Amino acid sequence: KKDFLQILLELEAPPVPWICKICQKDEVYRCPDCMHQPLLCTSCCCMMHETHPFHRIQQWTGDFFENAALHMTSLQLHLGHSGVPCPSTSVNGWAPFSRHSWQGTADNQGDLKKDNQQDPPSTDDEEWEDMENIPPHLQLPVGSRYLTIVNVTGVHFVLVHACQCLNADSYHMQLFWAKLCPSTFENPSTAFTFSVLDDFLRDNVECGTSGMNYYSKLHWITSNVFPHLVVERYQELLWVAWQWHLLKLLKWSGFQDNKEGSKKGDLAIFCAACPQPGINVSPTSNLDHWKYTRMVVMDGNFKAEHMHERCPDDQVWLMDRRGFMVTNPPYQAYLKATPHITEKSPCNNHKAISQANASHRKLNSTGVGATACAWHGCFYPHSVVDFQKGERQLNMDYSLAHALSYNMVSINNILCFYDINCTYMKNMQRHVDGSRFLHIPASMRITAGIGMWHVHGHKKDCYTQYAPLFIKGSGWIDSEIIETLWSTLNIVLASTHSMSSPHCQELLDFQMNDSNFMKMIRIVNTLLQKLKTVQASALLAQEVFERFKDAITPTQQNCWIKQEEAALLHRLDDPSVMDVFEIQLKK
């Protein structure tokens, strides 16, 4: 510990010899972001960082190194021509900034445009800081050609020269070619580097970091002593990151243009292992075989609350219907045209039923409902709906109908798990047939099931009628995997409560897409592990079955086989026939 501390203290001291690493002249700056934090004179520091304009440098004051910025060394950024000055522009020399009088160079900038004028950070009257005593590297330079650039290394002010050639792109497009995403298309004064947008994207997906917390981190990176004096670009970060999400999805999905028009869920990733005719299963296969059964699980999440908006009519949708959330206008029309009928549950008093009409005045949405594949835990594209009151049947009908229309051509066997299927399935088909907004093919055979954890909260009869242990072809499954999906999604939901509806839904689209992507890249190892477990367990189960078979008479075997066949044959029409599997004890 003592040795490490000694090294940390020595790194703060000026090194010997006290000369510029490149030209051997007296040095002024050092760069902690460069390897071995070399000492550099002003001109060498500027030249060395032409390809690293977002390093954070330090300036020697005579007593210690204080934080500085590269724009104080006359560093300039030239757009187009691979970073060299445009031959069509006569660039005047730019005098180096000094610690005390660098603001005087503003006279060389000409007239300032009002739209690009940036106000200094506001401070309360009670704060002790005098605006004149703000550290130079945190002060906004005066000049319309200065651009505020946000990078993973903090907030920077850079003098930008656009290409002036006759065939040059517009200014905001030149910025984008330089991997700088402008906050606006006309007269941008702020831009975000691709690296900071990717970093925010990763932090948001992996850590659930909100935009406010992320920009607060950038405050500290820019100045760990005066983070509150760093210019505020939080709102701009939200706007640009929202657009960045869409651009990344378009790139990953291979879209270069939208000439053919968008399709439902075309920007979403789905399960690679679930049978999809024409993708991983031949359309000519016998898709009625049990191994091609689609297993889905439905559930609601009441952590995804969303507050009423101040300007609901002033909304901009960037990817409505192209992700996991359903298309908004048709869904709203369906809700208006479909009355909610309160059904009395023949089972226990489940919250999903008793609170179906629960309303909260301050909330525009009380939660979301989704459908996922029960085997691998991937959300179904274009099947996630929001709740207006509680987890009503009309909401889940819409989710299920759209999930069963996604890459399901010629697949007719469906195994559907839902916490309250004992009540839900009794009216589902009638609701679908009576709605012009919903369609489930008549050829589909939907077998209802309840997850192994939730089924124990039902009446005794529900166990044999809906538990996956008694459903042929279900395999060894607990059908509760969607609960694990909510647990990871809930991390980011706290930051979506007050977002606009488009921003909120499209952020959820991106989060769900990442969840499906992580499932897909890990699915090989997961399935191999499950296969090894099943192979070992199947042998044990076979041994137990053989011992049990030897202990009963042939007459009992034939009787039980006939009862089993009859029960499985009629369970779709009458689940109560499964009661024959109940343990019967003769007194």
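What follows is a chat about how to read some features of this predicted model.

Reader: Let's begin with empty space. How many cavities of 30 Å³ or more does the count come to?

Author: Here is the general idea: rolling a probe the size of a water molecule over the atoms shows where empty space is left. In this model the count comes to six cavities of 30 Å³ or more. Take the second largest cavity, which holds about 100 Å³ of space.

Reader: Which residues line the second largest cavity?

Author: Among them are Ala 304, His 306, Met 325, Asp 386 and Gln 505. Two elements give two or more residues to that lining: strand E12 (363-365) and helix H13 (501-550). H13 supplies the largest share, with four residues.

Reader: How do the residues of that lining divide into nonpolar, polar and charged?

Author: Five are nonpolar, five are polar and one is charged.

Reader: Now pockets. How much space lies in the largest pocket?

Author: A cavity is a space the probe cannot get out of, whereas a pocket is open. The largest pocket here holds about 1100 Å³.

Reader: Which residues lie nearest the centre of the largest pocket?

Author: Look for Phe 548, Trp 560, Glu 564, Val 580 and Phe 581, out of 26 residues in the lining. The elements that give two or more residues to this lining are H13 and helix H14 (554-570). H14 gives the largest share, eight residues. By type, the lining of the largest pocket divides into 15 nonpolar, seven polar and four charged residues.

Reader: On to salt bridges. How many does the count come to?

Author: To spot one, find a side-chain nitrogen of Lys or Arg within 4 Å of a carboxyl oxygen of Asp or Glu. The count for this model is six salt bridges. One of them joins Glu 12 and Arg 30, with the closest N and O atoms 3.7 Å apart. That pair links distant parts of the chain, with Glu 12 in helix H1 and Arg 30 in strand E1, 18 residues apart.

Reader: Is Arg 30 buried or exposed?

Author: The cut-off helps here: buried means under 20% relative accessible area, and exposed means over 50%. Arg 30 has a relative accessible area of 2%, so Arg 30 is buried. Its partner Glu 12 is at 51%, so Glu 12 is exposed.

Reader: Which side chain meets Lys 248 in a salt bridge?

Author: That would be Asp 198, at 3.4 Å from N to O. This pair also links distant parts of the chain: Lys 248 is in helix H6 (residues 234-252) and Asp 198 in helix H4 (residues 194-207), 50 residues apart. Lys 248 is buried, with a relative accessible area of 13%.

Reader: And what does Lys 217 form with Asp 199?

Author: Another salt bridge, and its closest N and O atoms are 3.7 Å apart. Lys 217 lies in helix H5 (residues 211-222) and Asp 199 in helix H4, so the pair ties together parts that are 18 residues apart in sequence. Lys 217 is partly exposed, at 32% relative accessible area. There is a bit more to see around this pair: Asp 199, Asp 203 and Lys 217 are linked in a network of salt bridges.

Reader: Let's turn to the surface. Which residues make the nonpolar surface patch of about 650 Å²?

Author: When you look for a patch like this, pick nonpolar side chains with over 30% relative accessible area and join those within 5 Å of each other. Here the patch is made by Phe 4, Leu 5, Ile 7, Leu 8, Leu 9 and Leu 11. Ile 7 makes a handy example, as a residue of helix H1 (residues 2-12). Its relative accessible area is 47%, so Ile 7 is partly exposed.

Reader: Last topic, the backbone. Which residue has a positive phi of about 70 degrees although it is not a glycine?

Author: That's His 36. You'll find His 36 in the loop between strand E1 (29-30) and strand E2 (39-40). With 70% relative accessibility, His 36 counts as exposed.

Reader: Where does Asn 407 lie?

Author: Asn 407 sits in the loop between helix H9 (393-403) and strand E15 (413-418). Asn 407 isn't a glycine either, yet has a positive phi of about 50 degrees. Its relative accessible area is 27%, so Asn 407 is partly exposed.

Conventions:
Residues are numbered from 1 along each chain as its sequence is written. This is a predicted model: local features need pLDDT of at least 70, side-chain atom pairs count only at pLDDT 80 or more; totals for chains, interfaces and linings use all residues. Side-chain values use heavy atoms; hydrogens and water are left out. Patches are made of residues with over 30% relative accessible area and no salt bridge: like charges are joined within 9 Å, nonpolar side chains (Val, Leu, Ile, Met, Phe, Trp, Tyr) within 5 Å. Accessible areas come from the Shrake-Rupley method with a 1.4 Å probe; for residues, only the protein chains shown count as cover. Buried means under 20% relative accessible area, exposed over 50%, partly exposed in between (1.4 Å probe, protein chains only). On a 1 Å grid over the protein atoms alone, a cavity is a set of points where a 1.4 Å probe fits but cannot get out, and a pocket is an open set with protein on both sides within 12 Å along at least five of seven lines; lining residues have an atom within 4 Å of a point. Grid points are joined across faces, edges and corners, and a volume is the space filled by probe spheres set on the points. Ala, Val, Leu, Ile, Met, Phe, Trp, Tyr, Cys and Pro count as nonpolar, Asp, Glu, Lys and Arg as charged, and the others, Gly among them, as polar.
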